[in-house]
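Okay, thanks everyone, let's get going. I'd like to walk you through one model today, starting inside and then moving on to the sheet. Have a look while I bring it up.

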Amino acid sequence: MTAPQRPLDRLCQELTTVLGRDPKGKAVAALLERYAREEGDWAQWTFFDAGTYTRNLVHRSSLYELLILGWEAGQASPIHDHDGQHCWMAVLEGPMQEVHFRAAGPGAPLTQGALRTFERGEVAYIADEIALHRVQATPAARGVSLHLYSSPIDTCRTYDPTSGEARRLAVGYHSVRGVLCGEKSAASVRAEWAAV
Ligand SMILES: [Fe+2]
């Protein structure tokens with residue numbers, strides 16, 4: 001089999017190999033970091049929306065999904081968990097910020113941790129046993145981040161920081177491999193790709 005020329009496709013091939021060998025993905029951060037520091041083909045598959053940050057799907061298999069998120073200045077995710085999965089974030093254009101939160105129990109406000117800032121090429125990791133988190137662009141600049149979920153996530157829980165109340169949220173995609181799709185659900189893309 002010939003090696004794919006596009007750096008993003010090459011990264012997907014390498015991630016498939018690495019995660020197939022080690023589901024905890026100890027070598028994953030190094031692959032993401034190298035891609036984020038050296039490559040720029042992600043720009044062709046990155047969209048922005050004045051109303052919300054965008055989730056742009058690059059690759060999805062039973063092992064993992066790779067997404068590029070486009071953030072206008074000041075846009076932020078809800079506080080969320082990761083459905084028991086591993087999640088890495090590499091900054092492609094930054095800076096980007098992350099805030100950890102802890103749930104104290106039903107009806108109790110969340111406890112907020114420190115805000116951390118990541119520059120281009122830096123990689124963050126999160127899992128449910130570490131914390132809940134919110135990801136955001138700074139108020140001054142657009143951001144682009146590369147997210148790897150292993151395994152893929154169709155739903156997650158979002159949290160109200162004041163009441164601690166959790167709500168299950170079905171996630172979707174703004175674009176799929178560079179083509180806008182108008183917020184297609186992750187579950188529908190999974191079903192379509194499984195049928196090919
Ligand atoms: Fe997250």
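So, which residues in the largest nonpolar core touch the most other members? Keep in mind that this is a predicted model. The answer is Leu15, Leu32, Ala90 and Leu148, out of 36 residues in that core. As for where the core comes from, at least two residues each are supplied by two helices, α1 (7-21) and α2 (28-38), and by the strands β1 (54-60), β2 (65-71), β4 (86-93), β7 (123-126), β8 (132-137) and β9 (143-150). The top contributor is β4, which puts in six residues.

Let's zoom in on Leu32. If you skip the neighbours within four places in sequence, Leu32 is in contact with Trp88, Ala90, Val123, Leu146 and Leu148.

Now, there's also a second core, separate from that one, with five residues, and Ile79, Phe101, Leu110 and Leu132 are among them. I want to stop at Leu110. You'll find Leu110 in a loop, the one between β5 (96-102) and β6 (111-118). Is Leu110 buried or exposed? Well, Leu110 has 20 C-beta neighbours inside 10 Å, so it counts as buried. And who is around? Again leaving out anything within four places in sequence, the contacts of Leu110 are Ile79, Phe101, Arg102, Ala103, Tyr159, Pro161 and Gly164. Look at Asp160 too: Asp160 is 50 residues away from Leu110 along the chain, yet their C-alpha atoms are separated by 7.9 Å.

Right, on to the sheet. It's an open one with seven strands and mixed pairing, and the order reads β7-β4-β9-β2-β1-β12-β13. Why do β7 and β13 (179-185) each have one side without a neighbour in the sheet? Because these two stand at the edges, each with a single partner strand. From one strand to the next, the twist averages 30°.

Over at the β13 end, β12 (residues 172-176) pairs with β13 in the antiparallel sense, over four bridges. If you want a spot to click on, Ser175 is opposite Leu180 in β13.

Last thing, the helices again. α1 packs on the sheet and touches β1, β2 and β9, with its direction at about 65° to that of β1. α2 packs on the sheet as well, touching β4, β7 and β9, and its direction makes about 15° with that of β4. Remember that both helices also supply residues to the largest core.

That's my tour, happy to rotate things if anyone wants another look.

Methods
Residues are numbered from 1 along each chain as its sequence is written. This is a predicted model: local features need pLDDT of at least 70, side-chain atom pairs count only at pLDDT 80 or more; totals for chains, interfaces and linings use all residues. A nonpolar core is a set of buried Ala, Val, Leu, Ile, Met, Phe, Trp, Tyr and Cys residues joined through C-beta atoms within 7 Å. A residue is buried if 20 or more other C-beta atoms lie within 10 Å of its own, exposed if 12 or fewer, and partly exposed in between; C-beta atoms are placed from the backbone. Two residues are in contact if their C-beta atoms, placed from the backbone, lie within 7 Å. Two strands pair if DSSP finds at least two bridges between them. Axes are lines fitted to C-alpha atoms, for helices over the stretch in contact, and angles run from 0 to 180 degrees between N-to-C directions.
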